[in-house]
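This report covers one helix, a set of charged pairs, and the internal and surface spaces of a single model. It is written to be read beside the sequence and the coordinates.

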Amino acid sequence: MGQNNTGFTATGLRRLHEVLARHVDSGKIPGVVALVSRGEHTHVETLGTMRHDGGAPMQRDTIFRMASTSKPVSIAAAMVLLDECRLRLDDVVDPWLPELAGRQVLRSPDAELDDTVPARRPITVRDILTCTFGLGMDFTALGKPIMNAVFAQGLTPNLPTEVPEQDEWMRRLGELPLMYQPGEQWQYHIGSDLAGVLVSRVTGQSFEDFLRERIFEPLGMTDTGFHVPADQLDRLPTLYAPDPQTGEFLAWDEPKNGRWSTPPAFQGGGGGLVSTADDYHAYFQMLLNGGTHQGRRILSRPAVELMTTNRLTPEQNAPRTDLARNNVHISFGQGQQGGWGIGMAVRTYRGDYAPIGQFGWDGGSGTSAYADPANQLTGILLCQLGYSVPNPAHLMNDFWTTLYQAIDA
């Protein structure tokens, strides 16, 4: 197996191309951009087109809606504040987020909204950053009163309801009881959005301005933000959510006049970012480098270690374990890494080809970004297909399976 000083075998990279091409040639994946790196060496694949029916080819600088892959990047803003002692992990959040003071907690997760007990303690910064503050998206509790209320309040980005600006969002969040006691259980998504509001309130800046100043600009992430400027919209593909029954390509978001064509009312750290393969590569390389980029320190090494190692007790992690073992159909087998750090998943057991210690996350719009300290490897896979069908999850799985075989030891 020849190799070309890229950290990957030539045979392995050829197979990676062939596996990606198979997905695109099947007609199920319109186009894909994949970036893989080891050490100083980077390899990029661009295949297919911006639309399912043709159009411009995918390019290395195509801009993608990162969806939940926003989480590992947006959380860095909060880590800056920890580094600077403007926040402490065990600070009570009431001074900045008074809407969350004096919480009531459901007597049981499926109780009616008025069947509550007082919270045992206030919510802390740690609870929010680890997604254990007591409320979140629970895909196993859909249809229960609390989940119905979360959707009805417009707290999550479900079209056609636009998420309101952050003060109104906080007001609505403050009207709901918690589902669990603070610190009791990991729950998805809402904590990531809440972390952005916390950063904005602590700094007195918009979340995006602080991210841009402290993370995006120092890393050269010039194409990352919460919307795409009008003069760059031709770089944004159509986002599809195919019909689960027929596979018909249904446009979920068009570039022109779409959700990312103007600045949003709410800058959602949980799923609002747009970005490119190279921008995300710069960020994940910074994490692999222990917080530095081209000699400049972005985050402290301990902050990076906190983010990229498991923060959850087995009790807190129980819902993630349950989702992975018993509800694989919900996310087509995604999310089986074991642990959760701050803003991202962390592999705590060897469940597939990736080793323990790999960190990152996937997005429901067909995005995947992970880094692996053991192999000094970064992989970023970007397509424009929602998880209404298994195809993007299968593409990601095959990408990682093939990438790990391409490592030249």
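Helices and strands here are DSSP runs numbered from the N terminus, a helix being H or I over at least four residues and a strand E over at least two. The model is predicted.

**Pocket and cavity**

With those elements in place, the second largest pocket can be described. Its volume is about 380 Å³. Of the 23 residues in its lining, Gly333, Gln334, Arg347, Asp352 and Asn397 are the closest to the centre. Two elements give two or more residues to this lining, namely strand S15 (367–372) and helix H13 (391–405). H13 supplies the largest share, with 7 residues.

Enclosed space is a separate matter. The count is 1 cavity of 30 Å³ or more, and about 30 Å³ of space lies in the largest cavity. Phe64, Arg65, Pro237, Leu239, Ser365, Cys383 and Gln384 line this largest cavity.

**Helix H6**

Helix H6 spans residues 166–174, and its buried residues are Trp169, Met170, Leu173 and Gly174. Viewed down the axis of H6, these buried residues fall within an arc of 130°, so they line one face of the helix. Helix H7 (190–203) is included in what covers the buried residues of H6. At the N-terminal end, H6 is capped by Glu165, which has a side-chain oxygen 3.0 Å from the backbone nitrogen of Asp167.

**Salt bridges**

Side chains of opposite charge can pair when their charged atoms come close. The cut-off applied is a side-chain nitrogen of Lys or Arg within 4 Å of a carboxyl oxygen of Asp or Glu. By this rule the model has 19 salt bridges. Three of the pairs, including their N to O distances, are listed below.

| Pair | N to O distance |
|---|---|
| Arg51 and Glu254 | 3.4 Å |
| Arg201 and Glu99 | 3.0 Å |
| Asp115 and Arg107 | 2.8 Å |

The salt bridge between Arg51 and Glu254 links distant parts of the chain, 203 residues apart. Arg51 belongs to strand S2 (residues 41–51), while Glu254 sits in the loop between strand S8 (251–253) and strand S9 (274–275). Arg51 is partly exposed at 31% relative accessibility, and Glu254 is partly exposed at 30%.

The salt bridge between Arg201 and Glu99 also links distant parts of the chain, here 102 residues apart. Arg201 lies in helix H7, the helix that is part of what covers the buried residues of H6. Glu99 is in the loop between helix H3 (76–83) and strand S5 (104–106). Relative accessibility is 23% for Arg201, which counts as partly exposed. Glu99 has a value of 22% and is likewise partly exposed.

How exposed are the partners in the salt bridge of Asp115 with Arg107? Asp115 is partly exposed, with a relative accessible area of 30%. Arg107 counts as exposed, at 55%; the threshold for exposed is over 50%.

Salt bridges that share partners also join Glu168, Arg171, Arg172 and Glu175 into one network.

Methods. Residues numbered from 1 in each chain as written. Predicted model: local features only at pLDDT ≥ 70, side-chain atom pairs only at ≥ 80, totals over all residues. Heavy atoms only, no water. Buried < 20%, exposed > 50% of the residue type's maximum accessible area, 1.4 Å probe, protein only. Arc of directions from axis to C-beta. Contact = heavy atoms within 4.5 Å. Polar contact = N/O pair within 3.5 Å; in protein donor to acceptor, adjacent residues only side chain to side chain. 1 Å grid on protein atoms, 1.4 Å probe; cavity = no way out; pocket = protein on both sides within 12 Å on 5 of 7 lines; lining within 4 Å. Points joined across faces, edges and corners; volume = space filled by probe spheres on them.
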